[in-house]
Amino acid sequence: MELIPFLKPKVVTRPYYQRYLDEIDASRLYTNNGPLNKRFEARILQEYFRCEGDVVTVSNATIGLLLAISQMKRPGKYALMPSFTFPATPLSTIWCGLEPYYVDIDMDRWCMDEDLLEMTLKKLGDEAAVVVPYATFGTQLDLNYYSSLIKRGIPVVIDAASSFGTTMEQQDITRFEGAMVYSFHATKSFGIGEGGIVYSGNRELIQRIRCATNFGFNEERVSSQLGLNGKISEYTAAIGLATLDVFSEKIRIREKIGEWYKKAWSDYKLEEAGWRLQAATGKITYQFYPLLCPPEQENIYYVNKLRASAIQVRTYFSPPCHRQEMFRLHPRTSLTATEEISRRILSLPVWEDISQEQVDRIVRSLGE
Ligand code: T4K
């Protein structure tokens, strides 16, 4: 039986980036905000954010989160976030001297429950230093709500690691004054190896984060604020530019794979059998295809079942953060939905050259 791997990332190949590498050889500028990085940022801003607000590249999204949080946080003890996320979210706040406070997610969107967040903010008062919601698996968040928090003086840094390429519905992201952090890791839809960006409608904020990616240097190259080395090299920018050249095609392919999954989902009547999909908004550029198994089973049953059919699947984000050794002592609201979703979550294969037959085989194997 032919193995279907979980992911088979496909970063752009040499013919696509060769001309950018030639520019590096000619300029002999290898990093420190060189010409390719400047062009990469300018094109992202133009092609994805209508030239409004500003964007800065970062060496990866974890560093992007850390720098955005360190620039935005107010005095206080806690960073409020979901537990149903990748460890990068709590880790970045701990590096900023904060303690994660886990807020439950809702059963439909799998994102932090905003009513519960409100109650927790009331309870914690000035102890809440920052809110770090995760735009789960690329879905869009209610930016009006998060903007209202910023207006109330509560900083918001959105973990949008899986969201680059998601089309927003009826929301203008460029009006958002908090930070949005996207990952360009090889496994993401816009995969370039390692890398990421921080975007904000607030240019001054991005200016400070840019300064923080370069040792906090001011124009005289004197450290004037807290910083580190969070830059990307010109080689990374070269891959990034080449990826921008073909990204609309990559988005199209991933959306098409999502449609294949939806077709197989109804062909094999998974809904009727108790399976559930995320109530996501926006048009998602899938990194993998998430779904919940019927409540009477646990995801591990299906992981093993599919493995026996030579199909690799994962269970992002199970165990959730609060069940991992590093994070298990942090305070939290009740986490009923987090527990339930992480018990049932499955992440199905998505990669750009997966075929419709393979998608069909995966979903059929779930239903059998
Ligand atoms: N916030 C959230 C919510 C995130 O999901 C992430 C990252 C971040 C923040 C932080 O972003 P970065 O700092 O990474 O920019 C992978 C990724 O490494 C990680 O970036 C991503 N989330 C997470 C969801 O997935 P692992 O440790 O689970 O990946 P790994 O090595 O097990 O690989 C997954 C699959 O891909 C395997 O089947 C092997 C395959 N693979 C992987 C790589 C790297 C390949 O075939 N080729 C490759 O080059 O974290």
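This tour goes from the whole chain to single helices, residues and peptide bonds.

**Before you start**

This is a predicted model: local features need pLDDT of at least 70, side-chain atom pairs count only at pLDDT 80 or more, and totals for chains, interfaces and linings use all residues. Residues are numbered from 1 along each chain as its sequence is written, and side-chain values use heavy atoms, with hydrogens and water left out.

**Stop 1: the whole chain**

Show the chain as a cartoon. Its secondary structure comes to 11 helices and 9 strands. Both are DSSP runs, numbered from the N terminus: helices are H or I with at least four residues, strands are E with at least two. The radius of gyration is 21 Å, close to the 21 Å that the globule rule gives for 368 residues, so the chain is as compact as a globular protein of that length. That radius is taken over C-alpha atoms, and the rule is 2.2 Å times the number of residues to the power 0.38. Along the principal axes, the C-alpha atoms fill a box of roughly 65 × 55 × 40 Å.

Now switch on the surface. The chain exposes about 16100 Å², and carbon and sulfur atoms supply 51% of it. Accessible areas come from the Shrake-Rupley method with a 1.4 Å probe; for residues, only the protein chains shown count as cover. Of the 368 residues, 57% are buried. Buried means under 20% relative accessible area, exposed over 50%, and partly exposed in between (1.4 Å probe, protein chains only).

How do the contacts run along the sequence? Among those between residues at least 6 apart, 72% join residues at least 24 apart. A contact means heavy atoms within 4.5 Å.

**Stop 2: helix H5**

Select residues 114-124, which form helix H5. Glu114, Leu117, Glu118, Thr120, Leu121 and Leu124 are buried here. Seen down the axis, these buried residues fall within an arc of 165°, so they line one face of the helix. The arc is that of the directions from the helix axis to the C-beta atoms. Turn the helix over. The face away from the buried side carries the exposed residues Asp115, Met119, Lys122 and Lys123. What covers the buried residues of H5? The cover includes strands S2 (78-81), S3 (99-102) and S4 (128-131), and helix H6 (143-151).

**Stop 3: helix H10**

Go to residues 336-344, helix H10. Its buried residues are Ala337, Thr338, Ile341, Ser342 and Arg344. They cover an arc of only 165° around the axis, which puts them on the same side of H10. They pack against strand S8 (289-292), helix H9 (299-308) and strand S9 (345-348).

**Stop 4: two serines**

Select serine 200, in strand S7 (residues 196-200). Is serine 200 buried or exposed? At 0% relative accessibility, it counts as buried. Leaving out residues up to four places away in sequence, serine 200 touches Gly53, Asp54, Phe176, Glu177, Gly178, Ala179, Leu205 and Ile206. Add alanine 68: it is 132 residues from serine 200 along the chain, yet their C-alpha atoms are separated by 10.0 Å.

Next, pick serine 162. It sits in the loop between strand S5 (157-159) and strand S6 (179-183). Serine 162 is buried, with a relative accessible area of 7%. Beyond four places away in sequence, it touches Tyr134, Phe137, Gly138, Lys188 and Gln287. From serine 162 to leucine 228 is 66 residues in sequence and 24 Å in space, C-alpha to C-alpha.

**Stop 5: arginine 361**

Move to helix H11 (residues 356-367) and select arginine 361. At 14% relative accessibility, this arginine counts as buried. Which residues does arginine 361 touch? Not counting residues up to four places away in sequence, they are Met1, Glu2, Ile4, Ser309, Ala310 and Ile311.

**Stop 6: backbone details**

Show the backbone of the loop between H9 and H10, where phenylalanine 317 lies. The peptide bond from tyrosine 316 to phenylalanine 317 is cis, with omega near 0°. Proline 319 lies in the loop between H9 and H10 too. A cis peptide bond joins serine 318 to proline 319, with omega about 5°.

Then select arginine 28, in the loop between helix H1 (14-27) and helix H2 (35-49). Though not a glycine, arginine 28 has a positive phi of about 55°. Arginine 28 is exposed, with a relative accessible area of 63%. End at lysine 269, in the loop between helix H8 (234-267) and S8. Lysine 269 is not a glycine, but has a positive phi of about 50°.
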